[in-house]
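Please read these remarks with the structure open beside you, and look up each residue as it is named.

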Amino acid sequence: MKNFYESVFRCKLYLILPGFVFFSLQVHAQSQGRAVLKGKTADSLSATPLSFSGIRIFKSPEKKLEKESVTSETGDFSVDLGYGRYYALIDFMGYKSYQTPEFTLSKEHSTHNLGIIKLVTAANTLKEVIVQAEKSSMQLSLDKKIFNVGKDLANAGGSASDILTNIPSVSVDPEGNVKLRGSDNVRILIDGKPSGLVSFKGGSGLQQLQASMIDRVEIITNPSARYEAEGMAGIINIILKKDKRQGFNGSFEVTTGYPTNLGGAANLNYRHKKINFFINYGIAYRRQPGISSLYQEVYGKDTTFILKQNNKGMLTGFNNNIRGGLDYYFSETNTLTASYLFRRADANRITDIRYEDYYNTISKLNSISTRNQNEDEVEQNSEYSLVYKKSFGEKGHELVAEVKYLDNWENSRQTYTQNFFLPNGSEEVSRAIIQKSPNDEFERLWLMQVDYTKPIGKEGKFEVGFRSSFRNMENDFLVTEKNASGEFVPLPGLDNDFLYRENINAAYGILGNKSKKVSYQAGLRAEYTDVKTTLAETNEVNPRNYMNLFPSAHLTVELAKQNAIQLSYSRRVRRPVYDDLSPYMTFSDSRNFFSGNPDLNPEFTNVFEVGHIKYFDKGTFTSSIYYRDTKGKIDRIRRVNAEGNSTTRPENLLSEKSFGTEFTSGYSPYKWWKLDFNFNFFHSSIDGSNIINSYKATTYSWFARQTSRFMFPKNFDVQLRGNYEARQKTAQGTRKALYYLDLSTSKDVFHGNGTLTFNVLDVFNSRRNRYITQGPNFFTEGFTQMRRRQINLTLNYRIRQSKQVKKATEE
């Protein structure tokens with residue numbers, strides 16, 4: 001054991017060492033006498049930052065190109081230069097180029113700030129070929145990581161769930177459940193707000209949103225008080241596409257694939273003076289086969305009952321998504337945005353299950369039974385949003401107010417047919433069962449939020465905000481069974497109406513400032529939660545209300561140019577939501593039942609993190625060490641009765657303590673080769689002894705993801721991505737290793753206006769969720785694979801959208 005811990009220590013040392021090597025090299029370089037050019041780009045009408053504007057710096061008077069760069073997501077840029085006389089040329093697609101006056105950098109004037117550069121739109125410029133720096137597929141900063149969806153070839157023809165699968169720090173299991181740094185306690189937002197896409201199905205609901213509607217994804221591992229406190233591991237924010245360039249522009253996409261994946265999408269934008277219209281539409285038809293298998297032993301007094309179970313299913317889905325809206329610019333400082341999102345998903349799920357029961361050994365077959373599930377499901381989601389933004393005279397001084405309304409419903413009609421057979425295969429016709437389960441779910445949510453930001457002094461700022469949400473959900477649940485006379489009668493305990501009401505009111509304040517190379521920020525968020533669940537038929541009412549404070553703090557130190565370290569802390573919460581509390585059990589599997597727990601309490605986590613970032617000419621490198629201390633951890637616990645039937649529901653465990661280290665890097669060793677790498681190593685200690693004394697686990701695990709993109713002549717690209725998630729212990733057993741490989745290629749067509757992409761996701765069909773679960777009287781081993789190998793061919797065509805030339809960031 002001592003040697004094991006020594007090897008773990010050495011492994012952690014080797015992982016952390018590269019970050020300090022980068023830091024040491026940069027400290028040495030600081031003495032070489034470099035200067036810095038700073039500034040920010042923005043739209044001249046709306047003052048909106050222009051993300052990823054192209055910056056080219058020329059030596060004067062030679063007019064020789066010295067350096068190229070791009071602005072950040074917020075429009076800011078900072079470029080290292082040697083001493084001398086220069087001028088800069090700033091470009092952004094759809095805007096007139098801007099050339100700065102000449103300026104001089106010297107020992108006495110080592111920093112030159114161009115201030116806010118307001119670019120003027122020019123509708124005619126789109127008629128020409130525009131050379132502009134390419135958006136990097138991955139942008140790293142201390143407080144968040146940004147991933148631009150369009151640059152990842154594996155995303156073509158996929159869904160939002162597929163996109164998250166390809167993002168560092170994030171893992172998605174074969175059932176669509178999302179984890180961040182190994183934890184499933186993650187908050188998923190769309191455009192910074194809750195969405196009905198994840199209300200009923202959680203992260204798996206993202207399979208119904210097409211990748212072509214998504215612009216980028218933000219990963220925030222230790223959010224400030226500005227964000228709601230939900231999500232122990234952090235926040236995943238999915239940003240949908242919206243353009244703001246003058247005139248008309250857009251793109252179209254068609255997809256075909258195997259297993260059946262047929263889809264189309266359109267993203268259109270029209271801007272004229274003070275009005276900007278945008279609309280996104282996606283349609284998809286998919287057939288998704290899935291398989292699973294389970295082996296279980298249940299130990300009686302003198303008999304071992306053995307179950308072998310095999311499932312085979314097909315999910316057929318037809319999805320429509322449409323999002324539209326407009327921005328109205330009253331003036332350069334006043335903007336009103338109205339948007340509407342509509343989604344409808346029609347699905348049919350057919351599942352065939354075969355149960356084989358044995359006594360003591362698999363040579364003694366006792367009985368066989370089969371169960372068929374045939375479900376028709378319709379889910380509809382409507383979201384309305386109204387946002388007002390007021391910018392004041394001072395930079396960064398603004399007020400943002402939003403009202404959002406969600407109206408979602410889901411209608412499910414299921415029929416179950418079960419047949420029984422003797423060991424010799426003869427059917428016991430008299431035992432046949434036919435059951436039906438109509439199930440209706442509804443959700444309505446009002447969300448109101450106001451955020452105010454006021455600069456203080458030269459570098460400081462004060463933020464304050466208020467947020468209220470009012471959510472009402474209902475589940476009308478019923479299971480009936482056909483009796484001898486042919487009538488369908490309700491089964492006892494399976495006819496009820498579950499009502500869920502949740503009101504959350506929050507307020508926050510943040511104060512931050514900067515002194516020389518040290519930036520600091522402290523915040524406090526207060527949230528009052530009022531939740532009540534009701535079983536209407538039996539009049540069981542369970543009210544919950546609690547007031548909590550969530551402090552946060554961030555300290556950033558600029559140790560040298562292009563190097564920084566940040567220390568951060570936040571307190572987070574995971575509240576039991578609708579599915580966690582609903583007592584209804586799934587009925588598709590007559591041996592394995594899943595439900596919520598009406599008595600579940602929230603879990604609270606203190607999160608500490610130290611992060612380091614290093615920028616260099618050919619890439620970016622970040623490293624971090626994090627620690628999470630969770631009380632009342634929510635985890636799903638499986639129990640098996642003497643008949644071999646299992647129930648799984650969430651329970652509050654005593655605690656979980658975890659720490660880990662993560663490394664993420666984007667690097668271009670050559671113009672034709674880009675590398676992205678992510679590695680996470682963590683330790684977790686889970687204490688579930690309040691459930692059963694033996695439910696304790698200590699585990700070390702890791703996962704890695706590496707992407708290589710090769711850019712060949714004539715705009716032909718090839719991309720390879722490997723994924724590996726190591727074995728991990730759980731409170732009741734083990735989740736086995738998961739690994740898979742993706743391959744993608746793309747070629748520009750139609751004179752650069754189109755791109756043809758071919759990808760194979762899970763090349764070796766190896767992406768299976770394998771597990772072992774144990775209890776006092778049972779042992780279970782199984783696997784699930786609900787997403788098989790997928791092959792897609794996608795054509796994207798752009799109208800008045802020049803494909804950005806792969807130039808600056810590759811050099």
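The points below concern a predicted model, and they take up a set of strands, several salt bridges and a surface patch in turn.

1. I would begin with strand β33, which spans residues 646-652 and is mostly covered, since five of its seven residues are buried. Strand β29 (residues 592-594) is joined to β33 by three bridges, and these two strands run parallel; in this pairing, Asn-592 stands opposite Ser-646.

2. The pairing of β33 with strand β32 (residues 634-640) is antiparallel and contains seven bridges, with Arg-636 of β32 placed opposite Pro-650 of β33. β32 and β33 together form a hairpin that leaves five residues between them, and in the turn Gly-644 has a positive phi of about 90 degrees.

3. Within β33 you can also find a salt bridge, in which the side chains of Arg-649 and Glu-651 meet at 3.0 Å, N to O. The two partners are covered to unlike degrees: Arg-649 is partly exposed, with a relative accessible area of 29%, whereas Glu-651 is buried, at 9%. As background, side chains of opposite charge can pair when their charged atoms come close.

4. How many salt bridges does a search of the whole structure find? The search finds 30 of them, and one that deserves a careful look joins Arg-575 to Glu-230, where the closest N and O atoms are 3.0 Å apart. Arg-575 lies in the loop between β28 and α3, while Glu-230 lies in the loop between β14 and β15, so the pair ties together parts that are 345 residues apart in sequence. Both of these residues are buried, and both belong to a network of salt bridges that also links Arg-525 and Glu-527.

5. A further salt bridge is formed by Glu-463 and Lys-461, whose closest N and O atoms are 3.1 Å apart. Is Glu-463 buried or exposed? Glu-463 is buried, because its relative accessible area is 2% and the limit for buried is under 20%. Lys-461, by contrast, counts as partly exposed at 31% relative accessibility.

6. Finally, please turn to the surface, where Phe-248, Tyr-270, Phe-277, Leu-326, Tyr-328 and Phe-330 form a nonpolar patch with about 520 Å² of accessible area together. Strand β19 (residues 304-331) supplies the largest share of this patch, namely three residues. Phe-248 lies in strand β16 (residues 247-258), and Phe-248 is partly exposed, with a relative accessible area of 33%.

Terms used: Residues numbered from 1 in each chain as written. Predicted model: local features only at pLDDT ≥ 70, side-chain atom pairs only at ≥ 80, totals over all residues. Heavy atoms only, no water. Buried < 20%, exposed > 50% of the residue type's maximum accessible area, 1.4 Å probe, protein only. Helix = DSSP H or I, 4+ residues; strand = E, 2+ residues; numbered from the N terminus. Pairing = 2+ DSSP bridges. Patch = residues over 30% accessible without salt bridge, like charges linked within 9 Å, V, L, I, M, F, W, Y side chains within 5 Å. Areas by Shrake-Rupley, 256 points an atom, 1.4 Å probe, with all protein chains shown as cover. Salt bridge = Lys/Arg side-chain N within 4 Å of Asp/Glu carboxyl O.
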